[in-house]
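Trainee: Could you show me how to read a sheet and its cysteines in a model like this one?
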Amino acid sequence: MFSLVIVGKRGGMSREDDDVVTVTPCEDGPLLIRGPFELLTQEGVPIPPGRATVALCRCGRSSVKPFCDGSHKSTGFRATSEPDPAA
């Protein structure tokens with residue numbers, strides 16, 4: 001498990017582009033995270049992202065979790081980029 005901490009460069013969120021964090025669910029693919037974020041394990045240990053934009057696995061098949069390695073393509077993972085309708 002991991003958590004996503006979203007912080008602005010000034011310690012809070014602002015409307016300036018370099019302070020905005022976006023999470024984009026890709027259809028049939030990963031979650032793309034862009035902006036000033038920090039990834040942590042359940043225990044609070046930082047996970048170095050290695051870059052400013054990362055793709056996080058949604059299918060559960062990646063060999064480099066929490067990051068996406070493209071496994072969703074070969075496993076036939078399906079998910080919309082839209083929120084699920086309220087049940």
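Trainee: Which side chains along E6 are buried, and to which face do they point?

Mentor: First, a caution: this is a predicted model, where local features need pLDDT of at least 70 and side-chain atom pairs count only at pLDDT 80 or more, while totals for chains, interfaces and linings use all residues. Residues are numbered from 1 along each chain as its sequence is written, and side-chain values use heavy atoms, with hydrogens and water left out. In a regular strand the side chains alternate between the two faces of the sheet. Here, Val54 and Leu56 of E6 point to one face and are buried, whereas Thr53 and Ala55 point to the other and are not; buried means under 20% relative accessible area, exposed over 50%, and partly exposed in between (1.4 Å probe, protein chains only).

Trainee: What is the order of strands in the open sheet?

Mentor: Strands are DSSP runs of E, at least two residues long, numbered from the N terminus, and two of them pair if DSSP finds at least two bridges between them. The order is E2-E3-E6, with antiparallel pairing, and the edge strands, E2 (22-25) and E6 (53-56), each pair on one side only. Four bridges join E3 (residues 31-34) to E6; among them, leucine 32 is partnered with alanine 55, and arginine 34 with threonine 53.

Trainee: Why is cysteine 68 not bonded to cysteine 57?

Mentor: A disulfide is a pair of cysteine sulfur atoms within 2.5 Å. The sulfur of cysteine 68 lies 6.1 Å from its closest cysteine sulfur, in cysteine 57, which is too far for a bond. Cysteine 68 is partly exposed, at 23% relative accessible area. The structure holds zero disulfides.
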